[in-house]
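Me: I've got a structure open and want to go through it piece by piece. Can you take some questions?

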Amino acid sequence: MAILEMQKLSVYALKQHRKEVLEFLQRTGAMELILGDSEEYQTMDTSQDRTKFEKIADAFDHVLEMIPKSSGLGLEKPLVKRSEQKEVIEHVSEYYSHTKSMLSLEKDIAEAESNIARKSNKIASLRPWEKLDIPLNSTGTRKTTILIGSFPALYKESDILTIAAGDMEEPVPIEVDVVSSENQLTCCCVMCTNDIAAKVEENLRQGGFVKQPFITHRKPIDAIKKREREIAQEQDRIAKSKAEIASYGRFRQKYEIASDYYRTRAEKYRVLGAIPQSQNVFFLEGWVPKEKAEEISKVLTEKFDAVVDFEETTKDDTPPVILRNNKFSSTVEGVLESYGLPQHGRADPTTIMSFFYVFFFGMMLSDAGYGLLMSIVTGIVLLKYKRIETGMKKMLQLFFWCGLSTAFWGFMYGGFFGDAIDVIAKTFFGYTGETPILKPIWFAPLENPMRLLIWCMVFGLIHLFAGLAVKGYEYLRAKDIVGFVSDIVAWYMFILGLVLMLVPSSIFASIAGSQIVFPDWANTLAKVLTIGGLVIILLMSGRANKNWGLRVALGAYDIYGVTSWLSDVLSYSRLLALGLATGVIANVINMMASMKGNTVIGVIVFIVVFIFGHILNLAINLLGAYVHTNRLQYVEFFSKFYDGGGESFKPFKTINNHVEIKEEN
């Protein structure tokens with residue numbers, strides 16, 4: 001539960017050492033640089049070099065997308081020795097030439113695919129005519145005229161003959177051949193003598209006939225076969241190009257090393273072009289963790305003859321934030337960062353939040369089978385993959401602990417994949433007992449939901465009081481005793497007094513199902529706490545104003561804020577709702593799975609429905625538990641004391657998008 005203290009360093013060194021200094025800082029990754037304009041110094045233009053390195057890195061990244069990845073979950077980056085990296089850089093021109101070859105192959109593939117699409121469209125336009133045994137561009141003979149075209153309707157040959165003849169007298173020298181008729185389109189060939197050709201064409205046009213535009217001078221079937229052969233050739237061309245691209249897969253790690261190396265160099269040149277420098281010296285300024293400041297200063301001084309100043313932090317400075325928590329609490333740092341990091345000088349709520357987070361998550365999912373499954377899967381992944389990226393590792397660790405909490409609450413409620421143990425025992429082993437085999441250690445929420453609702457509100461009130469306690473801690477650390485009494489103690493008194501007055505009331509009795517009677521002194525204490533807290537809030541909440549009328553008005557307005565406490569406490573009823581939803585859906589899945597009884601088919605159906613049903617239920621309610629647990633922290637808990645606003649520590653470091661470099665002794 002701490003924010004790591006930061007130290008601001010100013011570094012002056014000879015210009016001839018600037019690249020070596022930047023490489024050292026980039027390699028250690030312990031300093032966040034402050035880059036800005038300087039009136040005393042100038043900057044150098046490194047845009048050309050930076051652009052060149054980025055272009056090379058982009059080329060390697062592009063070919064990495066083209067070649068297949070190695071099998072696996074991809075949770076770990078390959079570990080590469082520094083000597084391997086140096087070897088790749090020595091031959092980088094050769095590997096860079098690979099990218100040009102692969103880009104050329106990619107262009108060939110795109111061209112071939114375009115040709116295939118174009119020829120496929122041509123074939124589609126020829127398909128309705130494939131039964132026509134003359135070329136599509138036929139116009140007739142010396143004595144006859146041929147009209148090839150289509151109608152936007154389904155016609156028979158007799159229908160088209162009638163349209164073509166019009167008002168001409170029989171017999172009419174016209175022949176009609178319907179080539180195809182489907183999808184409200186009739187393709188046909190009409191032949192007539194030249195002397196009536198103009199009249200026939202006019203009649204056909206008036207009937208909706210459209211002459212076929214030029215597609216090919218071949219017979220349709222011959223044109224189709226020709227294009228099918230061409231498509232096969234293009235497909236063979238694509239297959240060969242893809243095979244050649246795949247052959248570069250053996251160099252994949254080389255490309256990954258080269259990409260990261262040039263990304264790192266581009267980042268170095270970005271900084272190099274932004275740092276202030278004169279003819280002989282350059283200047284750096286940035287933040288480092290205070291515990292590493294002496295070590296970094298020593299190396300810079302002894303190895304690079306630099307002058308390092310330890311600067312005092314001023315009010316205008318905004319040091320970056322690094323959180324330091326124990327292994328358990330650090331797992332929720334990502335959840336906290338999604339809301340906003342604490343500022344320096346403020347309390348880090350991570351530790352307190354972590355216990356409530358895991359506690360509430362387990363209450364919402366609340367099934368021992370689901371919880372054990374979560375912990376086993378995440379535990380195996382964490383044991384197998386040691387170098388998982390930090391954010392992913394913390395998330396897996398968080399779900400491991402949430403799984404244990406879920407298992408705990410599952411046993412407390414008596415749920416193991418719902419009522420799976422009892423259903424299996426009754427369906428397949430003839431169990432006839434009335435009492436459940438897996439009895440709840442505490443009680444079953446489905447049998448007594450109101451009891452659980454009361455406990456949810458109690459846990460919620462404790463959670464909110466913990467948030468108020470953190471705010472009180474900040475008041476005491478700032479030695480603001482008046483604020484501590486006015487804004488913390490008074491609210492504790494007021495809320496506790498109201499709760500103590502509510503418990504023996506008939507309203508609470510209707511919810512709890514039983515009447516609780518307090519002794520007279522407890523009732524008196526409740527009234528004293530309520531009135532005392534009310535008076536302090538009324539008079540002291542607006543203490544910044546000297547006008548007593550305005551002060552009392554502001555105090556009265558703050559007292560109205562008790563309604564937000566009520567809504568916040570009621571919000572914890574989601575612990576009940578999601579817990580019941582998980583159990584009810586799980587029980588329904590078990591009931592559906594056992595419907596075929598104790599038969600061979602029944603066993604198969606049970607296994608299939610049980611597995612897929614519970615996987616779906618786990619996925620849905622796992623998401624619900626995650627979202628609503630976050631909401632309880634962000635909306636209810638943080639609203640009592642936390643405002644975030646801190647900026648995360650972004651060190652100047654090597655870029656390892658693809659591989660990790662292992663230093664050698």
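Me: Starting with Pro289, which strand does it lie in?
Reply: Pro289 is part of strand β9. Keep in mind that this is a predicted model.

Me: Is Pro289 buried or exposed?
Reply: Pro289 counts as buried, because its relative accessibility is 5% and the cut-off for buried is under 20%.

Me: What does Pro289 touch, leaving out residues up to four places away in sequence?
Reply: Pro289 touches Leu4, Glu5, Met6, Ala30, Ile322 and Phe649.

Me: And how far is Pro289 from Ala625 in space?
Reply: The C-alpha atoms of Pro289 and Ala625 are 36 Å apart, and in sequence the two are separated by 336 residues.

Me: Back to the strand. How many residues of β9 are buried?
Reply: Eight of the nine residues in β9, which covers residues 281-289, are buried, so the strand is largely enclosed by the rest of the structure.

Me: Which strands sit in the sheet with β9, and in what order?
Reply: The sheet is open and has four strands, ordered β3-β9-β2-β10, with antiparallel pairing. The edge strands are β3 and β10 (307-311), each of which pairs on one side only.

Me: How many bridges join β2 to β9?
Reply: Strand β2, residues 6-14, is joined to β9 by nine bridges, and the two run antiparallel. One residue pair to look at is Leu14, whose bridge partner in β9 is Val281.

Me: What about β3 and β9, how many bridges there?
Reply: Two bridges join β9 to strand β3, which spans residues 32-33, and they run antiparallel. Glu32 stands opposite Trp287 of β9.

Me: How do side chains in a regular strand sit relative to the sheet?
Reply: In a regular strand they alternate between the two faces of the sheet.

Me: Different topic. Which strands pair with β7?
Reply: Strand β5 (residues 144-151) pairs with β7 (residues 185-193) in the antiparallel sense over eight bridges. Strand β6 (residues 174-182) is also joined to β7 by eight bridges, and that pair runs antiparallel.

Me: Which residues would I click on to see those pairings?
Reply: For β5 with β7, Ile146 has Met191 as its bridge partner. For β6 with β7, Ser181 stands opposite Thr186.

Me: What's in the hairpin between β6 and β7?
Reply: Two residues lie between the strands, and Asn183 in this hairpin takes a positive phi near 50 degrees.

Me: Now a helix. Where is Glu256?
Reply: Glu256 is found in helix α8, residues 252-272.

Me: Buried or exposed?
Reply: Glu256 is buried, because its relative accessible area is 10% and anything under 20% counts as buried.

Me: What is Glu256 in contact with, apart from neighbours within four places in sequence?
Reply: Glu256 is in contact with Leu64, Pro78, His658 and Val659.

Me: Zooming out, how many helices and strands does the protein have?
Reply: The protein has 22 helices and 12 strands. Of its 665 residues, 43% are buried.

Me: What is the radius of gyration, set against a compact globule?
Reply: The protein has 39 Å, whereas a compact globule of 665 residues would be near 26 Å. The C-alpha trace spans about 120 × 85 × 65 Å along the principal axes.

Me: And how many charged side chains of each sign?
Reply: There are 72 positive and 76 negative side chains, and the centres of the two sets are 2 Å apart.

Key: Residues numbered from 1 in each chain as written. Predicted model: local features only at pLDDT ≥ 70, side-chain atom pairs only at ≥ 80, totals over all residues. Heavy atoms only, no water. Rg over C-alpha atoms; globule rule 2.2 N^0.38 Å. Buried < 20%, exposed > 50% of the residue type's maximum accessible area, 1.4 Å probe, protein only. Lys, Arg positive; Asp, Glu negative; His and termini not counted. Charge placed at Lys NZ, Arg CZ, Asp CG, Glu CD. Pairing = 2+ DSSP bridges. Contact = heavy atoms within 4.5 Å.
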